[in-house]
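Work through these exercises with the model open beside you. Try each task before you read its solution.

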Amino acid sequence: MGETLRTQAQEHIVKHNRVVLELPNWVQPFVENWRKGFTSVEARMRFAIELAGRNAANKTGGPFGAAVFEAETGTLAAAGINLVEPTCCSLAHAEMVALSLAQQALGHYDLGAAGRVYELVTSTEPCAMCLGAIPWSGVRRVVCGARGEDACAIGFDEGAKPADWIEALKSRGITVVQDVLRDEARAVLTQYAKSGGIIYNAERETAEES
């Protein structure tokens, strides 16, 4: 009996030996049909915010969007949305998806390699996990819409993020710009909560069940 259970467990692991982060079908046409350009920081943020809103409206994930751009030209390297629910993966935040796809597209784990300057634009400032990923990604600037407290206001958990996180990134040569179109970004979060969107917090759900 014990050997049978052990074999079944091994088979289960083999069947689940990879993690796939794949954007839903609506994203590519959305990117291709974007006509507003990326010449300004506001334009880039509006793109991230609309990604967040469409993700929530299409029920393909949480109300968060992000994108990686070449800082000087505004060339889009990759778009990302929150994929936590559909992928059953708590790591699949919009920032993590955007950074991962940008690295794959550029063929390097370091977005700052060879003197390149890329920026991460995110509809809501990074949580503790995404904050930790930013220095290793190689981006040189982070542009934020809504603040962490805006996400917390509708029930999301931003994690144990240090109060001096902006200075910590600055000490690594990474600039942070806050509150770009904050009201628009916050409105996406508020609408998500009003529409009954799932506020997924593993710790809170466990506490409620006990």
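**Exercise 1: A glycine in a loop**

At 27% relative accessibility, G37 counts as partly exposed. This comes from a predicted model.

Task: Explain why G37 counts as partly exposed, then place G37 in the fold.

Solution.
- Step 1. Recall the cut-offs: buried is under 20%, exposed is over 50%, and partly exposed is in between.
- Step 2. G37 has 27% relative accessibility, so G37 is partly exposed.
- Step 3. Find G37 in the loop between α2 (27–32) and α3.
- Step 4. Now look across to T75. G37 and T75 are 38 residues apart in sequence, and their C-alpha atoms are 9.2 Å apart in space.

**Exercise 2: The faces of a helix**

Task: Which residues of α6 are buried, and how are they arranged around the axis of the helix?

Solution.
- Step 1. List the buried residues of α6: C130, L131, A133, I134 and S137.
- Step 2. Recall the geometry. An α-helix has 3.6 residues a turn, so residues three or four places apart point the same way.
- Step 3. Look down the axis of α6. Its buried residues fall within an arc of 165 degrees, so they line one face of the helix.
- Step 4. Name the partners. These buried residues pack against α5 (94–106), β3 (118–124), β4 (141–146) and α8 (165–170).
- Step 5. Take S137, which belongs to helix α6 (residues 128–137). S137 has 2% relative accessibility, so S137 counts as buried.
- Step 6. Leave out residues up to four places away in sequence. S137 then touches L99, Q103, Y109, D110, L111 and G112.
- Step 7. Move past the helix. G138 follows α6 and has a positive phi, near 95 degrees.

**Exercise 3: The nonpolar core**

Task: How many residues has the largest nonpolar core, and which have the most contacts inside it?

Solution.
- Step 1. The largest nonpolar core has 56 residues.
- Step 2. M45, F47, V68, L120 and F156 have the most contacts inside this core.
- Step 3. α3 gives the most to the core, with seven residues.
- Step 4. Zoom in on V68. Beyond its neighbours within four places in sequence, V68 has contacts that include T75, L76, L99, L111 and L120.

**Exercise 4: A pocket**

Task: Which residues lie nearest the centre of the second largest pocket?

Solution.
- Step 1. The pocket holds about 280 Å³ of space.
- Step 2. Its lining has 15 residues, and A56, K59, Y192, S195 and G197 lie nearest the centre.
- Step 3. α3 (41–57), α4 (84–87) and α9 (182–194) each give two or more residues to this lining.
- Step 4. Sort the lining by class: six nonpolar, seven polar and two charged residues.

How values were computed
Residues are numbered from 1 along each chain as its sequence is written. This is a predicted model: local features need pLDDT of at least 70, side-chain atom pairs count only at pLDDT 80 or more; totals for chains, interfaces and linings use all residues. Side-chain values use heavy atoms; hydrogens and water are left out. Helices (H or I, at least four residues) and strands (E, at least two) are DSSP runs, numbered from the N terminus. Buried means under 20% relative accessible area, exposed over 50%, partly exposed in between (1.4 Å probe, protein chains only). Contact means heavy atoms within 4.5 Å. On a 1 Å grid over the protein atoms alone, a cavity is a set of points where a 1.4 Å probe fits but cannot get out, and a pocket is an open set with protein on both sides within 12 Å along at least five of seven lines; lining residues have an atom within 4 Å of a point. Grid points are joined across faces, edges and corners, and a volume is the space filled by probe spheres set on the points. Ala, Val, Leu, Ile, Met, Phe, Trp, Tyr, Cys and Pro count as nonpolar, Asp, Glu, Lys and Arg as charged, and the others, Gly among them, as polar. A nonpolar core is a set of buried Ala, Val, Leu, Ile, Met, Phe, Trp, Tyr and Cys residues joined through side-chain atoms within 4.5 Å. The arc is that of the directions from the helix axis to the C-beta atoms.
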